[in-house]
Amino acid sequence: MFRISPLRNDEEVVPMTSWPITSLIPHDPPMALLDELVDHEGSRSACRVTIRPDSIFAGERGVPSYVTLEYMAQAIAAHGGFLARTDGAPVQKGFLLGTPRLSTFRPFLAPGTVLRVEVEQVWGDDALLHFACRVIDEDTQEIVAESGVRVLKPKEPDALIDGRRADVPGDHTR
């Protein structure tokens, strides 16, 4: 379905920094769900999250697997935040537009499970982007979820949040 490209030997690996995840994504606890950015190579990034019993999405059986879509969205935000921070630019807000299909392979994620959330930009420009994403159980190496995710990074994100008109690529309604 959606594939993350294998690592090529000629790709430059960018060393990770000590930036906290909340400096890379536009969320604060309790909605900052990821623990850390662990890898970044070109158009790809990977984050880690440990499923905790006190997660805002945790229930009696753990965290429902559909929450992996939010993990993917936040990993995409961390990818963009890392790129912005390494360029000396501010971290931009973006919007999850949706997914053509989210495939999950477990109904719940048990407390204590450590997940690797991998994202790769497949196509897009500065505003409209599509990522291939997958979530892997670090202990078993099983794929827990995979999806394509589309995001919007408008030039004026606060205008959309406040309900004002904003420049959106492809918007011909003006």
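Me: Is Cys133 buried or exposed in this model?
Reply: Happy to start there, with the note that this is a predicted model. The relative accessible area of Cys133 is 1%. Buried means under 20%, so Cys133 is buried.

Me: And what about Cys47, buried or exposed?
Reply: Here the relative accessibility comes out at 0%. With the cut-off for burial set at under 20%, Cys47 therefore counts as buried.

Me: How many disulfides does a search of the whole structure find?
Reply: Good thing to check after two cysteines. A disulfide is a covalent bond between the sulfur atoms of two cysteines. The pair of sulfur atoms has to lie within 2.5 Å to count. Across the whole structure, the number of disulfides found is zero.

Me: Which element gives the largest share of the largest nonpolar core?
Reply: In soluble globular proteins, nonpolar side chains tend to be buried together. The largest nonpolar core in this model has 31 residues, and Leu34, Tyr71, Met72, Leu115 and Val117 have the most contacts inside it. Two or more residues come from each of strands S2 (44-50), S7 (114-124), S8 (128-137) and S9 (143-152), and from helix H1 (68-86). The largest share, seven residues, belongs to H1.

Me: Which residues is Tyr71 in contact with, leaving aside its neighbours within four places in sequence?
Reply: Tyr71 is a nice one to click on, being among the residues with the most contacts inside the largest core. Once the neighbours within four places in sequence are set aside, its contacts are Leu33, Leu34, Val49, Ile51, Val63, Leu109, Leu115 and Val117.

Me: How many residues apart in sequence are the parts that the Asp39 and Arg116 pair ties together?
Reply: The whole structure holds nine salt bridges, and one of them joins the side chains of Asp39 and Arg116 at 2.4 Å, N to O. Asp39 sits in strand S1 (residues 36-41) and Arg116 in strand S7, so the parts tied together are apart in sequence by 77 residues.

Me: Is Asp39 buried, exposed or partly exposed?
Reply: Its relative accessibility is 26%. Buried needs under 20% and exposed needs over 50%, so Asp39 counts as partly exposed.

Me: Which residues do salt bridges that share partners join into one network?
Reply: Let's follow Arg116. Its side chain meets that of Asp39, and also that of Glu118 at 2.9 Å, N to O. Glu118 counts as buried, at 11% relative accessibility. Through shared partners, the one network is made up of Asp39, Arg116, Glu118 and Arg134.

Note on methods
Residues numbered from 1 in each chain as written. Predicted model: local features only at pLDDT ≥ 70, side-chain atom pairs only at ≥ 80, totals over all residues. Heavy atoms only, no water. Buried < 20%, exposed > 50% of the residue type's maximum accessible area, 1.4 Å probe, protein only. Core = buried A, V, L, I, M, F, W, Y, C linked by side-chain atoms within 4.5 Å. Helix = DSSP H or I, 4+ residues; strand = E, 2+ residues; numbered from the N terminus. Contact = heavy atoms within 4.5 Å. Salt bridge = Lys/Arg side-chain N within 4 Å of Asp/Glu carboxyl O.
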